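I opened this one with a cup of coffee and a short list of things to look up. Here are my notes, in the order I went through them.

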Amino acid sequence: MSSFIVIPDTQGEVSLLYGLLEQIFDRNLLKDRKLVFLGDYINRGEGTKQLLDECIELKKLNHVFLRGNHEDVLIRAYLAYQQKDEFYRDIYIYQWLKMESNTLFSYGISKYRKNNLRIFLEFVEALESFGHLNFLLSLPVYYESDNIIMIHAGIKPNLDWELQKIEIDSLLDSYEYEIEQIYSFELAKLETHNEEGKTVVSGHSPRDEPFVSKNRVMLDCGAGKPGRPLVAWISDTNEILYSYKK
Ligand SMILES: [Mn+2]
């Protein structure tokens with residue numbers, strides 16, 4: 001059975017991530033475990049660029065990075081842009097800019113006196129130059145072992161997980177339809193599901209404390225909001241690690 005340390009929404013909070021990694025490395029917790037990040041690396045905190053640099057280093061060590069809705073909107077904008085679909089391109093750029101805070105700043109890009117498209121193109125260029133665009137475009141939606149399913153928001157309670165995976169895979173290259181398992185706050189708050197013998201682990205919807213039960217784990221504690229911690233869940237011991245701003 002494989003063991004994981006799962007980290008939910010980091011939201012540009014690179015100092016909180018460093019605080020967590022410090023505990024993990026000091027205690028040698030990765031000796032027989034893999035890190036799995038549940039998505040939403042960008043926006044809010046001031047260190048999005050640094051945080052993605054760190055993610056790319058960790059990915060080289062075979063740790064796993066999933067896609068959150070904050071990345072997904074950006075990916076859709078990029079796919080629509082590539083396919084010259086100006087209608088969807090402009091919708092997603094607009095949507096993403098509404099979600100954005102501090103991300104552009106961390107790349108040294110100002111929004112001052114520029115239209116949305118120009119801001120977006122400058123951002124894409126910066127992402128490419130730091131190797132971040134490939135990282136973002138390659139993020140998978142879910143990761144699983146025999147008994148654990150890890151995904152940004154959650155799984156649907158009324159459809160076989162095996163069928164949900166087929167559905168998700170079929171939506172990957174299109175930018176028109178949202179993948180509910182990444183976006184839905186309803187799924188992110190469900191305390192139960194119908195996959196027997198499996199634990200579903202997700203982030204996306206901020207809570208006061210992590211929720212840990214036998215078959216459901218919800219981890220987002222609002223990192224990126226004032227005073228809120230970044231947490232990690234150790235799958236084989238059920239221990240929760242906390243990282244607060246110093
Ligand atoms: Mn989210």
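**Entry 1: ground rules.** Before reading any sheet, I settled what pairing means here: two strands pair if DSSP finds at least two bridges between them. I also reminded myself that this is a predicted model.

**Entry 2: the first sheet I looked up.** I found an open sheet of five strands in the order β4-β5-β6-β8-β7, and its pairing is mixed. Here β4 (142-144) and β7 (211-212) are the edge strands; each has a single partner strand, so one side of each has no neighbour in the sheet. I then checked how β4 meets its partner: β4 and β5 (residues 148-151) are antiparallel, with three bridges. Within that pair I noted E144, which stands opposite I149 in β5.

**Entry 3: the whole chain.** I stepped back and counted elements: the protein chain has 10 helices and 10 strands. Is its radius of gyration close to what the globule rule gives for 246 residues? What I looked up was 17 Å against 18 Å from the rule, so the chain is as compact as a globular protein of that length. The C-alpha trace spans about 50 × 45 × 30 Å along its principal axes. Of the 246 residues, 39% are buried. I also looked at contacts with a separation of 6 or more, and 67% of them come from residues 24 or more positions apart.**Entry 4: the other sheet.** I went on to an open sheet of five strands with the order β3-β2-β1-β9-β10, again with mixed pairing. At its edges are β3 (64-65) and β10, each with a single partner strand, so one side of each is left without a neighbour in the sheet. At the β3 end, strand β2 (residues 34-37) pairs with β3 in the parallel sense over two bridges. F37 stands opposite F65 in β3.

**Entry 5: along β9.** Next I followed β9 to its neighbours. With β1 the pairing is antiparallel, over two bridges, and V6 has W233 in β9 as its bridge partner. With β10, β9 also runs antiparallel, joined by four bridges. I wrote down two positions there: L230 has S243 in β10 as its bridge partner, and A232 stands opposite L241 in β10. The hairpin of β9 and β10 has five residues between the strands, and N238 takes a positive phi near 65° in that hairpin. How many of the five residues of β9 are buried? I found four, so β9 is largely enclosed by the rest of the structure.

**Entry 6: helix α1.** I wanted to see what lies over this part of the sheet. Helix α1 lies across β1, β9 and β10, and runs at about 135° to β10. As a check on the helix, I compared lengths: at 1.5 Å a residue, the 13 residues of α1 (residues 14-26) should span 18 Å, and the end C-alpha atoms are 18 Å apart, which agrees. Which residues of α1 are buried? They are V14, L16, L17, L20 and L21. Looking down the axis of α1, I see these buried residues fall within an arc of 155°, so they line one face of the helix. The residues they pack against belong to β1 (4-7), α2 (48-60), β9 (230-234) and β10 (240-243). Turned away from the buried side of α1 is a face with the exposed residues E22 and D26. After α1 comes N28, with a positive phi near 55°.

**Entry 7: helix α4.** I ran the same checks on a second helix. For the 14 residues of α4 (residues 86-99), 1.5 Å a residue gives an expected span of 20 Å, and the end C-alpha atoms are 20 Å apart, which agrees. The buried residues in α4 are R89, Y92, I93 and W96. Down the axis of α4 they fall within an arc of 105°, so the buried residues line one face of the helix. What covers the buried residues of α4? The cover includes α3 (69-82) and α6 (116-129). On the face turned away from the buried side, I found F87 and K98 exposed.

**Entry 8: what I would show a colleague.** I would start with α1 lying across β1, β9 and β10, then point out that four of the five residues of β9 are buried. After that I would turn to α4, with its buried residues within an arc of 105° and the exposed F87 and K98 on the face turned away from them.

Conventions: Residues numbered from 1 in each chain as written. Predicted model: local features only at pLDDT ≥ 70, side-chain atom pairs only at ≥ 80, totals over all residues. Expected span 1.5 Å × (residues − 1). Buried ≥ 20, exposed ≤ 12 C-beta atoms within 10 Å, placed from the backbone. Arc of directions from axis to C-beta. Contact = placed C-beta atoms within 7 Å. Rg over C-alpha atoms; globule rule 2.2 N^0.38 Å. Axes fitted to C-alpha atoms, helices over the stretch in contact; angles between N-to-C directions.
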